[in-house]
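Student: I would like to go through this model with you and ask, at each step, what justifies the words we use for it.

Tutor: Then let us look at it together and set each term against its criterion.

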Amino acid sequence: MSNEEFRAALSRLAAGVVLVTAQEPPLDENGRGEDVGMTATAFMSVSLDPPLVMVSLRNDSRMDDLLAEQPLWAVSVLAESQRHIAGRFAMKGRISDRLLFEDIPYVRGEVTGAPLAGGALATLECRTEQRVVAGDHTLVIGRVLTAQVPSGDGGPLTYFRGRYRHLG
């Protein structure tokens, strides 16, 4: 089986789209670390008791490197109207994350300090419980520390056959 055949088969699986965020540790005690964000479609609920979720990160990506040292992170479940956010944080060779966050409304998580996208269907703040290397990705399992449903408006942003979609 080729990589192309594998990708083509799995592109037929619709997935929800989330923005995973974390804050780099500050360089000194007076500063604030840079915010980092990444679009993900490989995100799922793992357990209700205790509340656990999982995200799959490409090995040696900026987010994988950050979450190897920073145990606190957050997830914003994106609404269909937030396709621009998903596209922005999915770009390869992109500009600095600081500039990507510049014109996106967000609040800081009370527990993690990570950005939570304004208008998201749901937000979660997490602490890493386990990291499992699986091929060219690392599965990061996090305990959910807070869960909120700030917006009930609109449907979820989904990814299917290589494109962002909406239900309907």
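Student: What makes β9 and β10 a pair of strands, and in which sense do they run, parallel or antiparallel?

Tutor: Bear in mind that this is a predicted model. Two strands count as paired if DSSP finds at least two bridges between them, and β9 and β10 are joined over 11 bridges in the antiparallel sense, so by that criterion they pair. One place to see this is Val132, which stands opposite Leu139 in β10. The hairpin of β9 and β10 has 2 residues between the strands, and there Gly135 takes a positive phi near 65°.

Student: How do you know that β6 also pairs with β9?

Tutor: The two are joined by 6 bridges and run antiparallel, and at least two bridges are needed, so β6 and β9 pair. Val75, for example, has Leu124 in β9 as its bridge partner.

Student: Which strands are called edge strands in the sheet that contains β11?

Tutor: That open sheet has 3 strands in the order β1-β11-β12, with antiparallel pairing. Its edge strands are β1 (15-16) and β12, since each pairs on one side only. Between β1 and β11 there are 2 bridges, and the criterion is at least two, so the pair qualifies. Within it, Ala15 has Tyr159 of β11 as its bridge partner.

Student: Why is Ala120 called buried?

Tutor: The relative accessible area of Ala120 is 0%, and buried means under 20%, so the word applies. Ala120 is placed in the loop between β8 and β9, where it touches Ser76, Val77, Gln82, Pro150 and Ser151, leaving aside residues up to four places away in sequence. Ala120 and Gln148 are 28 residues apart in sequence, and their C-alpha atoms are 9.8 Å apart in space.

Student: Why is Asp60 called exposed, whereas Arg161 is called partly exposed?

Tutor: Asp60 has a relative accessibility of 65%, and exposed means over 50%, so Asp60 falls in that class. Arg161 has a relative accessible area of 46%; a value between 20% and 50% counts as partly exposed, so that is the term for Arg161.

Student: What is noted about the backbone of Asp60 and of Arg161, and where do they lie?

Tutor: Asp60, in the loop between β5 and α2, has a positive phi of about 65° although it is not a glycine. Arg161, in the loop between β11 (157-160) and β12 (163-166), likewise has a positive phi, near 55°, and is a residue other than glycine.

Student: What is the omega of the peptide bond from Asp49 to Pro50, and is that bond cis or trans?

Tutor: Omega is near 5° and the bond is cis. Pro50 is placed in the loop between β4 (43-47) and β5.

Student: Which residues touch the most other members of the largest nonpolar core, and which elements supply that core?

Tutor: The core has 18 residues, of which Val20, Val55, Leu57, Met63, Leu67 and Trp73 touch the most other members. At least two residues of this core come from each of β2 (18-23), β3 (35-40), β5 (52-58), α2 (62-69), β6 (72-77), β9 (122-134) and β10 (137-148). Apart from this core lies another, of 13 residues, among them Phe89, Leu100, Phe101 and Tyr164. In soluble globular proteins, nonpolar side chains tend to be buried together.

Student: What does Leu57 touch?

Tutor: Beyond residues up to four places away in sequence, Leu57 touches Met38, Met63, Asp64, Leu67, Asp136, His137, Thr138 and Val140.

Student: How much space lies in the largest pocket, and what makes up its lining by class?

Tutor: About 1600 Å³ of space lies in the largest pocket. Of its 38 lining residues, the closest to its centre are Thr41, Ala42, Ser56, His137 and Tyr159. By class the lining has 20 nonpolar, 10 polar and 8 charged residues, and β3 gives the most to it, with 5 residues.

Student: And which residues lie closest to the centre of the second largest pocket?

Tutor: That pocket holds about 170 Å³ of space, and of the 13 residues that line it, the closest to its centre are Val107, Arg108, Leu116, Thr123 and Gln148. Its lining has 4 nonpolar, 6 polar and 3 charged residues.

Conventions
Residues numbered from 1 in each chain as written. Predicted model: local features only at pLDDT ≥ 70, side-chain atom pairs only at ≥ 80, totals over all residues. Heavy atoms only, no water. Core = buried A, V, L, I, M, F, W, Y, C linked by side-chain atoms within 4.5 Å. Buried < 20%, exposed > 50% of the residue type's maximum accessible area, 1.4 Å probe, protein only. Helix = DSSP H or I, 4+ residues; strand = E, 2+ residues; numbered from the N terminus. Contact = heavy atoms within 4.5 Å. 1 Å grid on protein atoms, 1.4 Å probe; cavity = no way out; pocket = protein on both sides within 12 Å on 5 of 7 lines; lining within 4 Å. Points joined across faces, edges and corners; volume = space filled by probe spheres on them. Nonpolar A, V, L, I, M, F, W, Y, C, P; charged D, E, K, R; others polar.
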